[in-house]
Amino acid sequence: MFDPGDLKFISSSFNPDLQTMSALYGNNDALSLLADPKHEQQQASLKLVTYKMQDDPNYFGSKVNGELISVEHISTGRNGKLEYRILFGQTPTSDSKEHRISLILDYEPVRFSQ
């Protein structure tokens with residue numbers, strides 16, 4: 001399993017074709033980065049965690065997280081540029097680092113009512 005530490009849940013996605021589900025976590029600067037990718041962030045940190053989907057043994061037709069497939073990390077480097085690396089597993093596709101960064105920055109944060 002993945003421990004997000006001090007990062008907060010931001011969003012999730014499902015890919016029924018690949019039978020995967022992903023969760024995006026980040027810090028406050030990461031939320032600002034998602035709102036405006038061109039704005040320079042000092043300490044942005046985002047982690048996209050991807051799992052294989054599996055049937056939920058408790059509810060017919062429901063899916064839950066299965067095997068951990070990958071953990072991708074985007075952070076702000078010393079020069080202000082975004083740095084991408086894989087912390088666990090392999091990239092889900094043969095996409096370039098730039099394309100993976102673009103895909104991750106396209107996530108829309110989930111809004112919870114207060």
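Three short exercises on aromatic rings and one loop residue follow.

The model is predicted: local features need pLDDT of at least 70, side-chain atom pairs count only at pLDDT 80 or more, and totals for chains, interfaces and linings use all residues. Residues are numbered from 1 along each chain as its sequence is written, and side-chain values use heavy atoms, without hydrogens and water.

**Exercise 1.** Classify the ring pair of Phe2 and Tyr25.

*Solution.* Rings of Phe, Tyr and Trp (its six-membered ring) pair if their centres lie within 6.5 Å; planes under 30 degrees apart are stacked, over 60 edge-to-face, the rest tilted. A search of the whole structure gives two aromatic pairs. In the pair Phe2 and Tyr25, the centres are 5.4 Å apart and the planes stand at 40°, so the pair is tilted. Phe2 lies in the segment before strand S1 (8-15), and Tyr25 lies in strand S2 (residues 20-26), 23 residues apart. Strands are DSSP runs (E, at least two residues), numbered from the N terminus.

**Exercise 2.** Find how Phe9 joins Tyr25, then state whether each is buried or exposed.

*Solution.* Phe9 and Tyr25 are 6.1 Å centre to centre with 75° between the planes: edge-to-face. Phe9 is in strand S1 and Tyr25 in strand S2, 16 residues apart. Buried means under 20% relative accessible area, exposed over 50%, partly exposed in between (1.4 Å probe, protein chains only). Tyr25, at 15%, is buried. Phe9, at 37%, is partly exposed. Ring pairs link Phe2, Phe9 and Tyr25 into a cluster.

**Exercise 3.** Describe the phi of Gln19 and locate the residue.

*Solution.* Most residues other than glycine have a negative phi. Gln19 is not a glycine, yet its phi is positive, about 55°. Gln19 sits in the loop between S1 and S2. Its relative accessible area is 29%, so Gln19 is partly exposed.

Technical notes:
Helix = DSSP H or I, 4+ residues; strand = E, 2+ residues; numbered from the N terminus.
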